[in-house]
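I opened this model to look up how its helices and strands fit together. My notes follow.

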Amino acid sequence: MKNTLGTSVTVTLFGESHGREIGAVLSGMAPGVAVDEATIAAALARRRPTVGTGTARREPDAFRVVSGVFHGKTTGAPLCIVIENSDVRDGDYEAWRGLARPGHADYAAYMKYHGFEDYRGGGQFSGRMTAPLVAVGAVAEAALFAKGILLGTHVAEVGGVFDRAFGDFAADFKTLLTAPLGMLDEKAAEKAKAVIAAAADEGDSVGGVLETAVTGLPAGVGEPFFDSVESVLSHGLFSIPAVKGVAFGAGFDFAGMKGSEANDPWRVVNGRPVTLTNKSGGVTGGITNGMPLMFRTVVKPTPSIYKTQQTIDFFKGENADLRLQGRHDPAVVHRARPVADAVTALVLCDLLALRYGTDYLGSAT
Ligand SMILES: Cc1cc2nc3c(=O)[nH]c(=O)nc-3n(C[C@H](O)[C@H](O)[C@H](O)COP(=O)(O)O)c2cc1C
């Protein structure tokens, strides 16, 4: 039951949705990486619900860096960030203890932990657990940034509303730091807000797709055979609650292509090998090929909805109807966006440390 991701640069999560605190320990990060608390706070703010589209649970995400940072830089020792849970309402969950929320982990968790699990707010299966992941991910992103490796994720689709594709990566990454709903096209974001609000009015929820891009990654990163870039990134991305699919480059569209359409032609441009298209999403043979790393992540509709649903009472072994109360987002895809950034940064730091050594990401090299 280890709660740790990674091999060389690792992240361990602890806590539960309605416990006193949640947190993450980042181990193996190089010494000398600048840690800016304002940057961490900004990443956490991007994960918080947007007023009007999100849950009524209001968490200020007050965090403390309790170890691993000295004079504003990583020391190389485990870096621990703790976040307080302040807005908890346990009563919401006692009322329907035993009723399995369809699409949520209640029954699966009960079977795994034999009823000892902290079920309040979904316990460790809550989206709340992604807050500390985002906090340490911001440190990983800063380490990559110092090496000229930039990344960003946009909401490519939500509730049937589509965003525009990435264009100028650097400019788009900047836009995404403040973009409403994490979409590049403001008009699409307005439409998406209306679709999310309409779903909420019906007591329902919507899902979507995230698209992540990473530029500046050197070619040759990734560990064959089992720890390919795709494998380890997918491992991290599937840890994000509500993620149900990950596809690199053209992904499932490859199925309908001919080889001549699927292959990315190579050319030397300005003395540098590049491909003219990027259907492979920057990875071939599980190793980065020097083109932007591109992948898409599917986030399902929020399982906790307010419509009456068929379920079971797993204490009584009886069928039941469930009409939920509590505070849930009608969409979580936009909130999963900074989490995808964080996981991507953490996994890439791990792969870079495996390739170039643990000091590579710090200021000592
Ligand atoms: C940032 C974030 C916030 C979430 N908030 C909620 C929520 O308010 N209500 C809910 O039912 N699920 C929420 N989820 C999703 C559930 O945690 C997730 O669907 C559940 O644990 C079952 O896991 P699975 O969907 O990966 O199978 C959230 C997910 C993320 C990433």
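I started where helix 1 meets helix 4 (helices are DSSP runs of H or I, at least four residues, numbered from the N terminus). From helix 1, I listed T39, I40, A43, L44 and R47. They meet T130, A131, V134, A135, G137, A138 and A142 in helix 4. Contact here puts C-beta atoms, placed from the backbone, within 7 Å.

I noted that this is a predicted model: local features need pLDDT of at least 70, side-chain atom pairs count only at pLDDT 80 or more, and totals for chains, interfaces and linings use all residues. Residues are numbered from 1 along each chain as its sequence is written.

Next I checked the crossing. The axes of helix 1 (residues 37–47) and helix 4 (residues 130–146) come within 9 Å and cross at roughly 135°. That makes helix 1 oblique to helix 4. Oblique covers angles that are not under 35 degrees, over 145, or 65 to 115.

Then I looked at the sheet. Five strands (E runs of at least two residues) form an open sheet in the order 1-2-3-7-4, with antiparallel pairing. Strand 1 (4–5) and strand 4 (63–67) are the edges, each pairing on one side only. Pairing takes at least two DSSP bridges. Four bridges join strand 4 to strand 7 (residues 79–84). I found F63 bridged to I83 in strand 7.

Last, I looked up M29. Its contacts are V9, T74, L79, V139, A143, C349 and L361, leaving out residues up to four places away in sequence.

How values were computed:
Contact = placed C-beta atoms within 7 Å. Axes fitted to C-alpha atoms, helices over the stretch in contact; angles between N-to-C directions.
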